[in-house]
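Work through the exercises below with the sequence and the model open side by side. Try each task before reading its solution.

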Amino acid sequence: MSHSQKAAEFVQNEAKTNWHNETLWWVRNKRDISTQKIPEWEELRSLGSAVKENVMTNLADYLEEFEKNATANGIHVHWAADGQEHNRIVQSILEQHNAKKVVKSKSILTEECGLNHHLEDIGIEVVDTDLGERIVQFAKQPPSHIVLPAIHMKKEEISELFHKHLQTEEGNNDPQYLTEAARQHLREKFLNADVAITGVNFGIAETGGFVVCTNEGNADMGVHLAPVHIASMGIEKLIPRFEDLGIFTRLLARSATGQPITNYTSHFHRPESGKEIHVVLVDNGRTAQLGREKFRNSLKCIRCGACMNTCPIYRRSGGYSYNSTVPGPIGSILSPGFDLKKNKSLPFASTLCGSCSDVCPVKINIHEQLYEWRQVIVSEGLDASPKKFAMKVASKVLGSSKLYFSLGKMARKSLSTLPNKMIYNNLNAWGKQRDLPKPPKESFKEWYKKNRS
Amino acid sequence: MSDSRAAILSRIRDLNLEKKEHPVIPDFEKNGDVKSQFINSLVASHVSVIEGNLDTSLFEQITSKNDIIYSNVDELSSLSTIQKDQLEDQLTLSSLDHVIVRGEIGVGENGAIWLPEINIEKRVMSFITLHLIVIVSKNDLVHDMHQAYSKIKELPGFGLFVAGPSKTADIEQSLVIGAHGPKRMTVLLTD
Ligand code: SF4
């Protein structure tokens, strides 16, 4: 299904669509207030972008440096060419420890690799511990936003889910009460887990360590209680130096939620005595994207979600309309790299207003890349929308002034007399949720001739 | 497994990308009174701030009679109601009411406090307790994260910037304090 078809499903619930739109815009506003408190904000964005530029153009060296230092720190480093290999590596670590119970904290990468399904298929209990992720896991859905996984759900729906899975009171929709129920339920999971899996926000080449940021503290509860910690890390998550964290910790939370920093910024360099840390470095299409000059910049992404919160399309179409792990503007330039055919509608799910590029903390030229993908998709003949036919006709008509004026005259007459069926049909993709304005009696040219000549 | 390592590295090297330099991080101008910035940031993040000295009587006000307390601060060790070796038991850990630790650096712009693992005793302790109490000296305050990172000379096996009690807004963006970890955090700012 294309983006617009899925978006049509989402907007059917008008009240919810409005709520979704307004709530994300409110988060965007919090971001603005928070970033304006830092006089050097723009300079920080440029620095963040330049550091990532340095990473992208020296990636192999930094990966080797990271591996060497991490290994010296007593961290086991693994390499996975794709999602399947990542899952097999995780599975083999679990098997070595005879692990049956896994707690997981937010990791978009494991979502991308389909890790949960893989592990559940071999009989392992995987519990997502971020509250939002636990909610969508109960609902058997993927997250709809990379920072706010359950932003598409209302508290009534969450209450119903919790009533079913956690036996909370029916109809009690109080967020405080529901969060407390999840706390009790997840505390028990933390205490009994064999292995904890987390994502990685930043891997540091110079020191061979990595940083995980959360607000809930769920990543830390998991890894410090379980004997084994597996951290899944996309190879683009590297930063060269420890001091670079100064830049990125300032950029990340302010861009994501408007907080001045995440509650917990945890730095892992060596395992606690008697425990193990494994890092799985994952390619899964990243080196291919690195090779696409026009789209390389997308690898700078630090997954703050700001481009989603600000996007007029995302806010009104919801995360699921993108049908990919990373939705929204950045997802629409990453996903076509994975599978162009499947994701061909995504680069068109944008007004190209550029708001995403304006808020991006690492200055990715998101809207320009969306436009670039459109060129690729059209030149490969993949665009088969009704708009295409209309555009062809339009280019003929607009290319000939004679044709334009005579057809214009006809349209002004016929639009007011034709039955709706003739106007709003499959050939008119623009007429789906919109009404045409009333046609004027005369064209501007005719009016001008009469009045000014 | 090592096959993938070689494949990934050579895929990258074969691209032969023109190398870009790492930028120099400038010394940004720091303005204002760092102590009041630090306190304001903490209060905004739902942290109670007390100014005072390491006096055990201070803690009587913020703890209750039968609470389980573990202090990893030597001067306050008399406040501990459990022994160090009891921390090996996960159920004891999970019943901790108050944990008292010393913070090394406090950051004005966001209220973050650096806790290296040596100050925590067990890594999970500052997450699993109901109430986290952190002692920070006024002399250890810095303005921003750049200064904070440059002050960390020795890298601990684990270290943490903590900036408030555990929180979530995953249900309709309503803020709830105490998602998994502490429901309460107090900072004692000493001279
Ligand atoms: S593209 Fe930029 S704004 Fe969007 S999630 Fe990534 S870092 Fe944030």
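The exercises that follow concern a predicted model.

**Exercise 1. Chain A as a whole**

Task: Describe chain A by its secondary structure, its box and its share of buried residues.

Solution:
- Step 1. Count the elements. Chain A has 22 helices and 10 strands.
- Step 2. Take the extent along the principal axes. The C-alpha atoms of chain A fill a box of roughly 90 × 55 × 45 Å.
- Step 3. Turn to burial. Of the 453 residues in chain A, 58% are buried, where the cut-off is under 20% relative accessible area.
- Step 4. Look at sequence separation. Among contacts in chain A with a separation of 6 or more, 74% are between residues 24 or more positions apart.

**Exercise 2. The contact between the chains**

Task: How many residues does each chain bring to the contact, and what area is buried between chain A and chain B?

Solution:
- Step 1. Chain A supplies 93 residues and chain B supplies 65 residues.
- Step 2. About 6,900 Å² is buried between the two chains, and carbon and sulfur atoms give 59% of that area.
- Step 3. Find the top contributors in chain A. Arg183(A), Asn263(A) and Tyr264(A) lose the most area to chain B, and together they make up 10% of what that side buries.
- Step 4. Count the polar links. There are 10 salt bridges between the chains, and 41 residue pairs are in polar contact, both residues at pLDDT 80 or more.
- Step 5. Sort the chain A side. Helix α10 (residues 175-192) gives the most to the side that touches chain B, with 10 residues. By class, that side of chain A has 42 nonpolar, 25 polar and 26 charged residues.
- Step 6. Inspect one salt bridge. Glu64(A) pairs with Arg13(B), and their closest N and O atoms are 2.9 Å apart.

**Exercise 3. A sheet across two chains**

Task: Which strands join chain A to chain B, and in what direction do they run?

Solution:
- Step 1. Find the joint. Strand β9 (residues 264-268) of chain A and strand β8 (residues 158-162) of chain B are linked by 5 bridges and run antiparallel.
- Step 2. Check the register. Tyr264(A) stands opposite Val162(B), and Phe268(A) stands opposite Phe158(B).
- Step 3. Extend the view. These strands belong to an open sheet of 8 strands with mixed pairing, in the order β8(A)-β5(A)-β6(A)-β9(A)-β8(B)-β5(B)-β4(B)-β7(B).
- Step 4. Name the edges. β8 (238-239) of chain A and β7 (141-142) of chain B each pair on one side only.

**Exercise 4. Helix α8 of chain A**

Task: How many residues of helix α8 (residues 131-138) of chain A are buried, and what do they pack against?

Solution:
- Step 1. Score the helix. In α8(A), 8 of its 8 residues are buried. Among them are Glu133(A), Arg134(A) and Gln137(A).
- Step 2. List the neighbours. The buried residues pack against α7 (115-121), β3 (125-128), α9 (155-166) and α10 of chain A, together with β9 of chain B.
- Step 3. Look at the start. Asp130(A) caps the N-terminal end: one of its side-chain oxygens lies 3.1 Å from the backbone nitrogen of Gly132(A).
- Step 4. Look past the end. Lys140(A) follows α8(A) and has a positive phi, near 55 degrees.

**Exercise 5. Two more positive phi values**

Task: Where do Lys363(A) and Gln173(B) lie, and is each buried or partly exposed?

Solution:
- Step 1. Recall the background. Most residues other than glycine have a negative phi.
- Step 2. Place Lys363(A). Its phi is positive, about 55 degrees, and Lys363(A) sits in the loop between α17 (355-359) and α18 (366-379) of chain A. Lys363(A) counts as partly exposed because its relative accessibility is 35%.
- Step 3. Place Gln173(B). Its phi is near 60 degrees, and Gln173(B) lies in the loop between β9 (167-168) and β10 (176-177) of chain B. Gln173(B) has a relative accessible area of 14%, so it is buried.

**Exercise 6. Two buried residues of chain A**

Task: Where are Gly354(A) and Ser335(A), and which residues does Ser335(A) touch?

Solution:
- Step 1. Gly354(A) is in the loop between α16 (328-338) and α17. At 5% relative accessible area, Gly354(A) is buried.
- Step 2. Gly354(A) and Cys307(A) are 47 residues apart in sequence, and their C-alpha atoms are 9.6 Å apart.
- Step 3. Ser335(A) belongs to helix α16. Ser335(A) counts as buried because its relative accessibility is 5%.
- Step 4. Leaving aside residues up to four places away in sequence, Ser335(A) touches Ser324(A), Val326(A), Asn343(A) and Leu346(A).

How values were computed:
Residues are numbered from 1 along each chain as its sequence is written. Chains are lettered from A and ligands numbered from 1 in the order in which they are written. This is a predicted model: local features need pLDDT of at least 70, side-chain atom pairs count only at pLDDT 80 or more; totals for chains, interfaces and linings use all residues. Side-chain values use heavy atoms; hydrogens and water are left out. Contact means heavy atoms within 4.5 Å. Buried area is the accessible area (1.4 Å probe) that two parts lose on being put together, summed over both. A salt bridge is a side-chain nitrogen of Lys or Arg within 4 Å of a carboxyl oxygen of Asp or Glu. A polar contact is a pair of N or O atoms within 3.5 Å; within protein, one must be able to donate a hydrogen and the other to accept it, and residues adjacent in sequence count only if both atoms are side-chain atoms. Helices (H or I, at least four residues) and strands (E, at least two) are DSSP runs, numbered from the N terminus. Ala, Val, Leu, Ile, Met, Phe, Trp, Tyr, Cys and Pro count as nonpolar, Asp, Glu, Lys and Arg as charged, and the others, Gly among them, as polar. Two strands pair if DSSP finds at least two bridges between them. Buried means under 20% relative accessible area, exposed over 50%, partly exposed in between (1.4 Å probe, protein chains only).
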